[in-house]
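Please open the model in your viewer and keep the selection panel to hand for the stops below.

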Amino acid sequence: MPEPYDVITMGRIGVDLYPLRTGVPLAQVDTFGKFLGGSATNVAVAAARLGRRTAVITRTGRDPFGDYLHQALREFEVDDRWVTAVDEYPTPVTFCEVFPPDDFPLYFYRLPKAPDLEIRPDELDLDAIRSARIFWMTGTGLCAEPSRTATLAALEARGKSGITVFDLDWRPMFWPDGAQPGGAEPDGAEPRAVYARALRHATVAVGNLDECEVAVGEREPHAAARALLAAGVELAVVKQGPKGVLAVHRDGTRAEVPPVPVDVVNGLGAGDAFGGALCHGLLAGWDLERVMRYANAAGAIVAGRLACSSAMPYDDEVARTLADGRVPAEDPPPEPATAPSTTPSTGRSSARSPEALS
């Protein structure tokens, strides 16, 4: 039997088109960087950057952007064997505006439907999912069929073996029109009820205060953590924004750590960096406070950079940030390139620099 993966993620993928000029609306931007994107995919990249063997389960369109995503995954050393094409729908693209330090509007182009919501139960490699040391799934994967059924089937196949992380990942624009936690949806897709089904199979839940409120009806951090534990998980990780992160384990262990100071450039990928680093620390068997401090530092590093996937840090960068107590300022964004850059001799992925688009 092949060696189990350290981390398998399941969920969203797409192309991020980020402006190489910040502080202005999209209408005034004429040059963009093209990056691999999607939260579950970014988590796989983040864990791979930290030396973990990772793979992602998702789907793209059968188009040049889909080809680009396969290429980028391989450059990041993320296994793409379970990334398949959908004929009917184009690969999604996402634009953002960058207004540091705390305003980053996102514009998702996922219509008429995103291919990553076409993951089907009969396509899943359940043996690989069962044997992975960590399986990571997201709330977005629960928003539509057949992805919802496939995600729940993967969770049931796990049977709480190893570590199963539920990234609460609440994106209301992806759910049916008018879907609200606690509401009555005609297709049975009431968000809180679906989240409750997933929480019964997860061992770790990760979310910010808004996402915790969607999942369990609580947004006070300690109450949210208690509610997540009551819903079935063993570890609740509650992100509190500028107040840092709270983690509470069923055995009574808890950690509450402050954020790492950073001059924010783009906050969009910080949560995914946190997720990949969380996986790394849990696999390493570190104590809870060390895991949280490490994950906080990884998230802060990405918040200080323009990109998401290509900004994910290496272990030595996280260690240096922890030692220094803050994130060093990022170099200015690169000028638009006219030819692909040369692969560096360090062995680290050349996908770190954005591909400029005019």
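The tour passes from a pair of strand contacts to a helix and then to the nonpolar cores.

This is a predicted model, in which local features need pLDDT of at least 70 and side-chain atom pairs count only at pLDDT 80 or more, while totals for chains, interfaces and linings use all residues. Residues are numbered from 1 along each chain as its sequence is written, and side-chain values use heavy atoms, with hydrogens and water left out.

Select residues 204-208, strand β11 (strands are DSSP runs of E, at least two residues, numbered from the N terminus). Four of its five residues are buried (under 20% relative accessible area, 1.4 Å probe, protein chains only), so β11 is largely enclosed by the rest of the structure. Add β10, residues 163-167, which runs parallel to β11 and is joined to it by three bridges (pairing requires at least two DSSP bridges); here Phe166 has Ala205 as its bridge partner. Then add β12, residues 235-239, which pairs with β11 in the parallel sense over five bridges, with Val206 opposite Val237.

Next select α9, residues 288-303, whose 16 residues reach 23 Å from first C-alpha to last, close to the 22 Å expected at 1.5 Å a residue. Because 13 of these 16 residues are buried, α9 is largely enclosed by the rest of the structure.

Finally, show the largest nonpolar core (buried Ala, Val, Leu, Ile, Met, Phe, Trp, Tyr and Cys residues joined through side-chain atoms within 4.5 Å), which has 68 residues, with Leu36, Val78, Val237 and Met292 making the most contacts inside it. Its largest share, ten residues, comes from α9. A second, separate core of 47 residues includes Leu124, Leu152, Leu155 and Leu209.

Conventions: Expected span 1.5 Å × (residues − 1). Buried < 20%, exposed > 50% of the residue type's maximum accessible area, 1.4 Å probe, protein only.
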